[in-house]
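Trainee: I would like to learn how to read a structure, one feature at a time. Where do we begin?

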Amino acid sequence: MSIWWSLHLRREAASVPLARRLLLGTMETAGVDPDISYDLSVALSEACANAVEHGGSGGIPDDTEAYHVTAYLDGDCCRIEVTDSGPGFPPSAVARRRPSLAENGRGMHLIEELADHVRFRNRPGRGAVVSFDKMLKWREDALLKVS
């Protein structure tokens, strides 16, 4: 069984815990191991916080601008994508496998540590995309466990 959902969120701080809670609720209901759910929720929070802070045309959070979160639970994998409409990542962050640990790069590094596969990319003139995935582990009582 597969589950997917997509959110269109305003670039404001309150949207970050909303996305995180929706992900956690989905994973708990499906029966995903709590440690895996937690890792993915922290990575999602970091990606959303980046979109809120940097994802607009002026770099300053503006509630008229939005970002998008899409999550897919398919088989034993969860894939999450966060897309914004900002200026994109600096070329150095996209070109290197590991982003800088400078003051503004810690969230990207944390996402890489918590997920199995991460991709940072720019959509020229349309913003940045962070996508990451992680193999799922299931609780014994999982409703959607893949056998």
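Trainee: Which residues are exposed on the other side of helix 1?

Mentor: Keep in mind that this is a predicted model. To read a helix, sort its residues into buried and exposed. In helix 1, the exposed ones on that other side are Arg-21, Glu-28 and Thr-29. Buried in helix 1 are Ser-15, Val-16, Ala-19, Leu-23, Thr-26, Met-27 and Ala-30. These buried residues lie on the same side of helix 1 because they cover an arc of only 115 degrees around the axis.

Trainee: What covers the buried residues of helix 1?

Mentor: The cover includes strand 1 (2–10), helix 2, strand 2 and strand 3. Just past the end of helix 1, Gly-31 has a positive phi of about 100 degrees.

Trainee: How far apart are the end C-alpha atoms of helix 2?

Mentor: Compare the span with what is expected from the residue count. Helix 2 has 21 residues, so at 1.5 Å a residue it should span 30 Å, and its end C-alpha atoms are 30 Å apart, which agrees. Look at the start of helix 2 as well: a side-chain oxygen of Asp-33 comes within 3.0 Å of the backbone nitrogen of Asp-35.

Trainee: Is Asn-50 buried or exposed?

Mentor: Read the relative accessible area against the cut-off, which is under 20% for buried. Asn-50, a residue of helix 2 (residues 34–54), has 17% and is therefore buried. Leaving out residues up to four places away in sequence, Asn-50 touches Gly-55 and Met-108.

Trainee: How do strand 2 and strand 3 run, and how many bridges join them?

Mentor: For strands, check the direction and then the partners. Strand 2 (residues 66–74) and strand 3 (residues 77–83) run antiparallel and are joined by seven bridges. Val-69 has Val-82 of strand 3 opposite it. The hairpin has two residues between these strands, and Gly-75 in this hairpin takes a positive phi near 65 degrees. Strand 3 also pairs with strand 5 (residues 127–135), again antiparallel and over seven bridges. There, Arg-79 has Asp-133 in strand 5 as its bridge partner.

Trainee: Why is there no bond between the sulfur of Cys-77 and the closest cysteine sulfur?

Mentor: Check the distance between the sulfur atoms. A disulfide needs them within 2.5 Å. The closest cysteine sulfur to that of Cys-77 belongs to Cys-78 and is 6.9 Å away, so it is too far for a bond. The count of disulfides is zero. Accessibility is a separate matter: Cys-77 is partly exposed at 24%, whereas Cys-78 is buried at 0%.

Technical notes. Residues numbered from 1 in each chain as written. Predicted model: local features only at pLDDT ≥ 70, side-chain atom pairs only at ≥ 80, totals over all residues. Heavy atoms only, no water. Helix = DSSP H or I, 4+ residues; strand = E, 2+ residues; numbered from the N terminus. Buried < 20%, exposed > 50% of the residue type's maximum accessible area, 1.4 Å probe, protein only. Contact = heavy atoms within 4.5 Å. Expected span 1.5 Å × (residues − 1). Polar contact = N/O pair within 3.5 Å; in protein donor to acceptor, adjacent residues only side chain to side chain. Pairing = 2+ DSSP bridges. Arc of directions from axis to C-beta.
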